[in-house]
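Welcome! Here are some short exercises with worked solutions, to be followed with the structure open beside you.

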Amino acid sequence: MKKRIFDFGLYKEALRQSRAIGIICAIISAVISIGYTIITVADEVISSNQMGEVVSSKYICGFSDVFMTGFGMYAIAAPLMMLSVFKFLNKRRDSDFYHSIPQTRICLYISYISAVITWIFGTAIAITAINSIIYIAVSKLFVINVVDIIVGLLGILAASAFIIAAISIAMSVTGTIF
């Protein structure tokens, strides 16, 4: 049997295990971020209408405007998802089952980490896309800084990877949650 470093079945199982936390974090982030976007757009539209003309200067939208809840994604969602997908390490019965499966520990780790990163990065991209569409709809008043958005998304990915690595080390060294 050829040993693999990634197993799609384990990946799907980790996505399923972290689904509740992922959906809750996505909904909370979306409501806050989209609400902020709508308030910003409404404020700019009202202020431009009060002046009686379209303002010649446009508001430049960066990553913080398009994805306001970025900090929460890697500071709150990443640890919660990591603890939920690796909770089997804290229970003897569950730990015995996972250590008896034929996949290697590296395969298990990479598949589970990939699922957590998929939830975080997928949510960030979806919310950023929705907010960008809202800003594009009123493009007379806004200009989207695409480079800033890409750098911000990569920053979310890097920060999430750092938090995930720190929690992985903490769980492996202590053998418990912390």
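Helices here are DSSP runs of H or I with at least four residues, numbered from the N terminus. The model you are looking at is predicted.

**Exercise 1. Find which helix holds Ser-111, and decide whether Ser-111 is buried or exposed.**

Step 1. Look along helix H6, where Ser-111 is found. This helix covers residues 105-137.

Step 2. Compare the accessibility with the cut-off: buried means under 20% relative accessible area. Ser-111 has 0%, so this residue counts as buried.

Step 3. Now look at the surroundings. Leaving aside residues up to four places away in sequence, Ser-111 touches Phe-6, Asp-7, Leu-10 and Tyr-11.

Step 4. Pick out Asp-7 from that group. A polar atom of the Ser-111 side chain lies 3.0 Å from the backbone nitrogen of Asp-7.

**Exercise 2. Work out how many salt bridges the whole structure has, and which residues form them.**

Step 1. Start with the total: a search of the whole structure finds two salt bridges.

Step 2. Return to Asp-7, which pairs with Arg-4; their closest N and O atoms are 2.8 Å apart. A side-chain nitrogen of Arg within 4 Å of a carboxyl oxygen of Asp is a salt bridge, so this pair qualifies.

Step 3. Check how open each partner is. Arg-4 is partly exposed at 48% relative accessible area, while Asp-7 is buried at 9%.

Step 4. Move on to Arg-16 and Glu-13, whose side chains meet in a salt bridge with an N to O distance of 2.5 Å.

Step 5. Ask how these two are placed along the chain. Arg-16 and Glu-13 both belong to helix H1 (residues 8-17), and because they are three residues apart there, about one helical turn separates them.

Step 6. Check their accessibility as well. Arg-16 has a relative accessible area of 43% and is partly exposed; Glu-13, at 24%, also counts as partly exposed.

**Exercise 3. Describe the largest pocket: what is its volume, and which residues are closest to its centre?**

Step 1. Begin with the volume, which is about 280 Å³.

Step 2. Turn to the lining. Eleven residues line this pocket, and those closest to its centre are Phe-86, Leu-89, Tyr-109, Ser-168 and Ser-172.

Step 3. See which elements contribute. H6 and helix H7 (146-174) are the elements that give two or more residues to the lining.

Step 4. Sort the lining by class: six residues are nonpolar, four are polar and one is charged.

**Exercise 4. Locate Met-82 and list the residues it touches beyond four places away in sequence.**

Step 1. Go to helix H4 (residues 70-85), where Met-82 has its place.

Step 2. Judge its accessibility: at 0%, Met-82 counts as buried.

Step 3. List the contacts. Beyond four places in sequence, Met-82 touches Ile-113, Val-116, Ile-164, Ile-167 and Ser-168. One of these, Ser-168, appeared in Exercise 3 among the residues closest to the centre of the largest pocket.

Step 4. Compare sequence and space for Met-82 and Tyr-98: they are 16 residues apart along the chain, and their C-alpha atoms are separated by 16 Å.

**Exercise 5. Find how far apart in space Ile-34 and Thr-128 are, and do the same for Ile-125 and Ile-150.**

Step 1. Place Ile-34 in helix H2 (residues 19-50). Ile-34 is buried, with a relative accessible area of 19%.

Step 2. Take the pair with Thr-128. Although their positions lie 94 residues apart in sequence, Ile-34 and Thr-128 are 9.1 Å apart, C-alpha to C-alpha.

Step 3. Add the contacts of Ile-34, not counting residues up to four places away: Ile-130, Asn-131 and Ile-134.

Step 4. Finish with Ile-125, found in helix H6 and partly exposed at 38%. Ile-125 and Ile-150 are 25 residues apart in sequence, and their C-alpha atoms are 9.8 Å apart.

Key
Residues are numbered from 1 along each chain as its sequence is written. This is a predicted model: local features need pLDDT of at least 70, side-chain atom pairs count only at pLDDT 80 or more; totals for chains, interfaces and linings use all residues. Side-chain values use heavy atoms; hydrogens and water are left out. Buried means under 20% relative accessible area, exposed over 50%, partly exposed in between (1.4 Å probe, protein chains only). On a 1 Å grid over the protein atoms alone, a cavity is a set of points where a 1.4 Å probe fits but cannot get out, and a pocket is an open set with protein on both sides within 12 Å along at least five of seven lines; lining residues have an atom within 4 Å of a point. Grid points are joined across faces, edges and corners, and a volume is the space filled by probe spheres set on the points. Ala, Val, Leu, Ile, Met, Phe, Trp, Tyr, Cys and Pro count as nonpolar, Asp, Glu, Lys and Arg as charged, and the others, Gly among them, as polar. A polar contact is a pair of N or O atoms within 3.5 Å; within protein, one must be able to donate a hydrogen and the other to accept it, and residues adjacent in sequence count only if both atoms are side-chain atoms. Contact means heavy atoms within 4.5 Å.
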